[in-house]
Amino acid sequence: MKLMRVGEAGSEKPALLDADGKIRDLSGHVADIGGEAITPAGLAKIAAIDPTSLPEIAPGRIGACVAGTGKFICIGLNYSDHAAETGATVPPEPIIFMKATSAIVGPNDNVIIPRGSEKTDWEVELGVVIGKTAKYVTEAEALDYVAGYCVSNDVSERAFQTERSGQWTKGKSCDTFGPIGPWLVTKDEIPEPQNLGMWLTVNGQKMQNGSSKTMVYGVAFLVSYLSQFMSLHAGDVISTGTPPGVGMGLKPPRYLKAGDVVELSIEGLGTQKQTFVADR
């Protein structure tokens with residue numbers, strides 16, 4: 001299934017995209033796409049509904065594909081070729097940092113370049129949405145705890161991230177720096193998350209063109225690994241790292257400015273398109 005949230009910010013309706021590309025209203029069956037609705041039982045309930053029995057919703061703004069995210073966890077330097085372009089070495093264990101949940105926006109919403117920013121950058125990433133509480137799970141059972149997958153743009157301000165001391169979080173958490181969606185694609189539609197093509201363009205120019213198969217630490221490993229340190233709950237999102245082609249890695253580096261348009265996609269998970277605007 002392709003689950004989504006449609007409507008103005010703060011008033012989104014839960015919906016699904018049917019086989020004909022029509023948006024169907026799920027609000028008569030679930031309160032939102034998150035929490036209980038994306039547990040195994042919740043997803044089974046939705047899957048049992050005949051999509052043609054649901055009211056059709058006219059296309060409009062698409063919100064973030066999951067509601068009520070408690071943790072937005074990101075993995076750094078998780079593609080060996082991306083690590084190389086930034087001059088870093090592949091870490092012996094995953095680099096973990098948090099992106100504030102207040103950064104989450106819809107996949108096509110404007111992204112605001114924060115005041116004082118000089119190095120706002122792009123990162124296409126595979127997002128993993130947790131579907132039930134995971135604590136101390138093994139790698140073999142880890143995917144049982146995944147509800148599905150989505151496209152994530154881990155927008156980053158590199159000067160805030162790496163040049164102002166402290167942790168990476170402040171360069172990752174600016175308002176609107178977390179577009180996710182357009183859909184939460186349930187895991188039954190993505191049987192092999194480690195073989196998904198992904199790309200990103202800036203003003204129509206291809207900047208990233210990679211695949212999840214070059215991840216250092218795969219989805220199952222990451223879910224298991226994270227669960228050793230913290231409980232993962234339904235609606236939590238893990239953004240799993242980016243392939244090469246980010247602005248920071250170019251020679252000379254290239255960063256985003258107001259008016260730039262970024263488009264990104266992952267195989268089977270849909271496409272995002274954002275216009276970057278200056279903070280006012």
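In the predicted model, strand β18, which covers residues 261–266, is joined by six bridges to strand β19, made up of residues 270–278, and the two strands run antiparallel. Within this pairing, L264 has Q272 of β19 as its bridge partner. Both strands belong to an open sheet of five strands, in which the order is β8-β19-β18-β15-β16 and the pairing is mixed. At the edges of this sheet lie β8 (111–113) and β16 (205–211), each of which pairs on one side only. Neighbouring strands of the sheet are turned against each other by 20 degrees on average, with direction ignored. In general, the strands of a sheet pair through backbone hydrogen bonds, in either a parallel or an antiparallel manner.

A further set of pairings is found towards the start of the chain, where strand β1 (residues 2–6) and strand β2 (residues 13–17) are considered together. These two strands pair in the antiparallel sense over five bridges, and L3 stands opposite L16 in β2. β1 and β2 form a hairpin with six residues between them, and in the turn G7 has a positive phi of about 135 degrees. Strand β2 is also joined by three bridges to strand β3 (residues 23–25), again with the strands running antiparallel, and here the bridge partner of L17 is I23 in β3. The hairpin of β2 and β3 has five residues between the strands, among which G21 takes a positive phi near 80 degrees. Strand β2, which thus pairs with β1 and with β3, is mostly covered, given that four of its five residues are buried.

Backbone geometry was examined next. Most residues other than glycine have a negative phi, and most peptide bonds are trans. Against this background, T176 has a positive phi of about 75 degrees although it is not a glycine; T176 is found in the loop between α3 (158–163) and β13, and it counts as buried because its relative accessibility is 10%, with the limit for burial set at under 20%. N203 likewise is not a glycine and has a positive phi, of about 50 degrees. The loop that holds N203 connects β15 (197–202) with β16, and this residue is partly exposed, with a relative accessible area of 43%.

Cis peptide bonds occur before two prolines, P182 and P252. The bond from G181 to P182 is cis, with omega near 20 degrees, and P182 is placed in the loop between β13 (178–179) and β14 (184–186). The bond from K251 to P252 is also cis, with omega near 0 degrees, and P252 lies in the loop between β17 (237–239) and β18.

With regard to the cysteines, the count of disulfides comes to zero. C65 is in no disulfide, and the nearest cysteine sulfur, that of C150, is 4.0 Å away, whereas a disulfide would call for sulfur atoms within 2.5 Å. The sulfur of C74 is 11 Å from the closest cysteine sulfur, which is also in C150, and is therefore too far for a bond. C65 counts as buried, at 0% relative accessibility, and C74 counts as buried at 0% as well.

Notes
Residues are numbered from 1 along each chain as its sequence is written. This is a predicted model: local features need pLDDT of at least 70, side-chain atom pairs count only at pLDDT 80 or more; totals for chains, interfaces and linings use all residues. Side-chain values use heavy atoms; hydrogens and water are left out. Two strands pair if DSSP finds at least two bridges between them. Axes are lines fitted to C-alpha atoms, for helices over the stretch in contact, and angles run from 0 to 180 degrees between N-to-C directions. Buried means under 20% relative accessible area, exposed over 50%, partly exposed in between (1.4 Å probe, protein chains only).
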